[in-house]
Amino acid sequence: MRHPPRRPGGPVSVQREARTALRICPLCEATCGLTLTVEGTRVTGVRGDRDDVFSKGFICPKGASFGELDADPDRLRTPLVRKDGRLQEASWDEAFEVVAQRLRPLIEAHGSDALGVMLGNPNVHTMAGGLYPPVLLTTLKIRKLFTASTLDQMPKHVSSGLLFGDAFAIPVPDLDRTDHLLLIGANPLESNGSLCTAADFPGKLKELKKRGGTLTVVDPRRTRTARMATRHLAPRPGSDGLLLAALATTLFEEGLVELGELGAYVDGVAQVGAALRRFTPEAVTEACDLPAEEIRAVARELAGAQSAAVYGRIGASTVEFGTVTSWLVDVLNILTGNLDRPGGALFPLSATDKAPRPAAPGKGFALGRWRSRVSGYPEAKGELPAAALAEEIDTPGEDRIRAVLTIAANPVLSAPDGNRLDQALESLDFMVSVDPYLNETSRHADVVLPPPPPAQSGHFDFAFNALAVRNQVRYTRAAVPLEDGLMQESEILSRLILAATGMHGLPAETVDHMVIERSLGKAVADPQSQVHGRDPKELAGRLTGDSTVEQRLDLMLRLGPYGDGFGAHPEGLTLAKLLAHPHGIDLGPLQPRIPQLLKTRSGKVELLPEPIAGQLPALAATLDRPHDSLVLIGRRHLRSNNSWMHNVPALQGGSNRCTLQIHPEDARRLGLADGALARVKGDGGEIETPVEITDTVRRGVVSLPHGWGHDRPGTRMSVAHETPGANYNQLLDGTRLDALSGTAVQNGVPVQVAPAAAAPLVRTTL
């Protein structure tokens with residue numbers, strides 16, 4: 001593929017002897033260790049770090065392109081401020097002055113409900129993204145928070161909250177020790193895993209097969225992962241909850257329920273059996289389009305395995321009953337005795353987690369503590385549905401959103417009905433974007449604050465270490481010095497917090513000092529803390545690091561489950577000890593953590609929470625629906641990650657294309673030709689996209705990748721703009737949501753398809 005000439009990115013390189021530097025890859029959830037070759041200030045080579053305790057040298061095409069992404073000339077290197085209707089380069093001081101002069105008065109006049117905050121997926125891929133947004137949200141008491149979670153994994157947070165009392169208590173499959181792995185809605189050979197941090201996921205699946213284990217894959221496409229499977233089931237999209245319910249019902253019917261040692265900590269087993277009684281394999285077979293006997297066979301194999309784990313991801317999450325489906329994943333792990341045991345699904349314990357406490361009842365998890373202004377959507381985990389952002393802006397009313405802050409987010413492409421959101425953002429009183437690119441969303445901002453390239457920042461994975469298939473801890477400092485004129489993301493977000501909260505002009509380190517003081521104050525007042533009764537100022541004086549950011553990391557490590565407790569455990573973890581192990585520290589395989597981690601009011605796993613029980617009749621009603629519509633599903637690619645990696649030439653072309661995959665029989669019936677344009681119509685609008693005829697998708701299904709549509713004016717992403725693709729989410733109008741989590745339904749969506757030059761689209765019966 002030909003790309004236009006690109007100007008060199010970053011500062012002029014001085015020819016120096018090449019050196020190597022370590023860096024944890026921030027480009028997907030696998031968190032692989034990289035060895036960078038650096039010449040002057042440029043990354044000129046990348047390979048896997050063979051000594052990394054977690055990834056052991058594994059690298060994927062995204063990681064291999066790290067240097068090209070790092071030097072992308074389209075990355076912004078100067079703040080932009082809107083003057084006379086257009087964005088112009090400005091100094092950092094000028095940019096933050098504008099934020100202080102316009103955002104703070106707006107909040108004072110209309111309250112914090114006038115500010116909507118949108119956090120994108122890349123936030124969890126940076127150290128600053130994990131540390132500073134929570135401070136902003138807490139300080140301003142933000143209730144209009146929207147994140148990528150309600151476009152992805154929120155159903156898992158909600159089901160975990162209801163089951164275990166903690167929305168962040170997410171079990172992951174013990175890939176290295178399991179005998180049977182059932183994947184539903186997941187394609188880790190392309191995605192490298194998600195809500196399951198596992199470097200070299202493909203290698204772990206090969207090892208599973210090599211040791212005689214069973215791999216069962218449930219996916220309407222014959223993906224690369226499905227081609228590895230011992231058994232591949234291709235159900236009708238959206239029927240995931242029915243299928244899992246039928247598996248659970250089979251366990252009850254055939255006397256295969258065996259909780260093992262977990263039984264003492266589970267309430268509601270009999271109630272679940274009664275609630276699922278109607279979902280027999282025979283009852284769901286038409287809706288799932290799977291033989292009842294095959295469903296029973298899978299249930300028997302799960303129950304009969306020495307150890308087994310069920311793992312569901314985005315294909316089973318972004319559906320109409322995503323939360324119920326996510327709940328059923330863990331119900332199956334529990335009913336087969338495989339939750340919280342080696343070889344099953346266990347709960348990681350990260351180095352920056354809270355230190356374990358004695359088992360005791362907790363506060364539990366609540367949904368709907370407040371509701372959105374327009375449609376009345378209930379909050380989940382402190383968030384409102386991302387699909388509701390546009391209506392919260394463009395619907396008149398006292399508490400409408402007047403200003404928006406986006407951090408590493410591009411909801412115009414990633415959320416439903418980008419056209420409406422596009423227009424809504426244009427109507428705001430004020431908007432700030434923290435983003436390295438001028439993309440389809442940030443082009444609307446009044447102020448754009450660009451963080452530096454990843455090689456110029458330190459890296460620690462707060463979120464993904466808490467989802468890792470093996471406990472470990474790694475930290476890498478910046479591989480390249482910060483370029484003149486750039487600002488670390490930590491300072492950007494700190495100054496943004498100060499400007500938004502009425503403290504503009506104070507040093508950026510003020511935010512970190514406030515957090516450290518508050519954290520130590522709580523720790524010394526806690527009778528169960530290792531530092532109870534000690535002097536917080538003395539403890540603060542013992543923190544190490546080259547910056548206040550590193551001091552915060554040192555604090556979290558010292559107070560964490562493996563920490564030294566500020567001297568209470570001299571052999572424990574500190575920042576200094578971590579820095580002495582540049583390839584990381586292996587903390588061992590996952591271990592059982594129940595009952596200590598449970599935070600439910602009963603102190604037990606509450607197997608049939610009321611909100612889940614309330615959804616089961618609606619799930620049962622889908623058994624009688626007609627199933628003759630053509631339905632749309634998404635897909636992932638190894639060289640892509642949502643909308644934010646389409647500007648790297650090395651990752652473009654080949655199979656990484658925005659095409660509509662369709663089965664040959666459906667293509668023939670609809671008059672579609674391979675490579676020709678098709679017109680696709682959904683609830684939210686129409687798009688045109690090239691056709692790719694393939695029998696890897698089942699009949700009645702079309703598949704389009706997520707995150708494309710880079711054809712809007714006013715962006716500065718030259719490579720992405722040259723091959724824009726079509727926006728999947730423009731086919732959605734945002735009204736189809738999972739009722740419990742507010743997650744947009746993006747899979748199993750009815751669509752109409754015809755040749756682009758055909759007459760107006762009409763409903764197609766299969």
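# Salt bridges, cysteines and a charged patch

Reader: R313 and D152, buried or exposed?

Author: Both R313 and D152 are buried. Keep in mind that this is a predicted model.

Reader: What do their side chains do?

Author: The side chains of R313 and D152 form a salt bridge, with an N to O distance of 2.2 Å. The two residues come from distant parts of the chain, 161 residues apart. R313 is in the loop between β13 (308–312) and α14 (314–317), and D152 is in the loop between β7 (145–147) and α6 (154–164).

Reader: How many salt bridges does the structure hold?

Author: There are 46 salt bridges in the structure. As a general point, side chains of opposite charge can pair when their charged atoms come close.

Reader: What about R296, which residue does its side chain meet?

Author: The side chain of R296 meets that of E282 in a salt bridge, at 3.0 Å from N to O. This pair also links distant parts of the chain, with R296 in helix α13 (residues 292–304) and E282 in helix α12 (residues 281–288), 14 residues apart.

Reader: And are R296 and E282 buried or exposed?

Author: R296 has a relative accessible area of 10%, so R296 is buried. E282 is at 44% relative accessibility, so E282 counts as partly exposed.

Reader: Which residue pairs with R669?

Author: D666 does, in a salt bridge between the side chains at 2.9 Å, N to O. Both residues lie in helix α26 (residues 664–670), three residues apart, which is about one turn of the helix.

Reader: How accessible are R669 and D666?

Author: R669 is partly exposed because its relative accessible area is 33%. D666 counts as buried because its relative accessibility is 0%.

Reader: Which residues do salt bridges with shared partners join into a network?

Author: E253, E254, E282, E293, R296 and R300 are joined into one network that way. The R296 and E282 bridge I gave you above is between two of those residues.

Reader: Changing topic. How many disulfides?

Author: Zero. A disulfide is a covalent bond between the sulfur atoms of two cysteines.

Reader: Why is C25 not bonded to C28?

Author: The sulfur of C28 is the closest cysteine sulfur to that of C25, but the two are 6.1 Å apart, which is too far for a bond. The cut-off here is 2.5 Å.

Reader: Where is the nearest cysteine sulfur to C60?

Author: In C28 again, 5.2 Å away, and C60 is in no disulfide.

Reader: C25 and C60, buried or exposed?

Author: C25 is at 7% relative accessibility, so C25 counts as buried. C60 is at 10%, so C60 counts as buried too. The limit for buried is under 20% relative accessible area.

Reader: Now the surface. Which residues gather in a patch of positive charge?

Author: K354, R518, K522 and K599 gather there.

Reader: Where is K354 found, and is K354 buried or exposed?

Author: K354 sits in the loop between β14 (345–346) and α16 (389–394). At 68% relative accessibility, K354 counts as exposed.

Reader: Last one, Q746. Where does Q746 lie?

Author: Q746 is in the loop between α27 (718–722) and β26 (749–750). Q746 counts as buried because its relative accessibility is 6%.

Reader: What separates the C-alpha atoms of Q746 and Q88?

Author: A distance of 37 Å, for two residues that are 658 residues apart along the chain.

Terms used
Residues are numbered from 1 along each chain as its sequence is written. This is a predicted model: local features need pLDDT of at least 70, side-chain atom pairs count only at pLDDT 80 or more; totals for chains, interfaces and linings use all residues. Side-chain values use heavy atoms; hydrogens and water are left out. Buried means under 20% relative accessible area, exposed over 50%, partly exposed in between (1.4 Å probe, protein chains only). Patches are made of residues with over 30% relative accessible area and no salt bridge: like charges are joined within 9 Å, nonpolar side chains (Val, Leu, Ile, Met, Phe, Trp, Tyr) within 5 Å. Accessible areas come from the Shrake-Rupley method with a 1.4 Å probe; for residues, only the protein chains shown count as cover. A salt bridge is a side-chain nitrogen of Lys or Arg within 4 Å of a carboxyl oxygen of Asp or Glu. Lys and Arg count as positive and Asp and Glu as negative; His and the chain ends are not counted. The place of a charge is taken as NZ of Lys, CZ of Arg, CG of Asp or CD of Glu. Helices (H or I, at least four residues) and strands (E, at least two) are DSSP runs, numbered from the N terminus.
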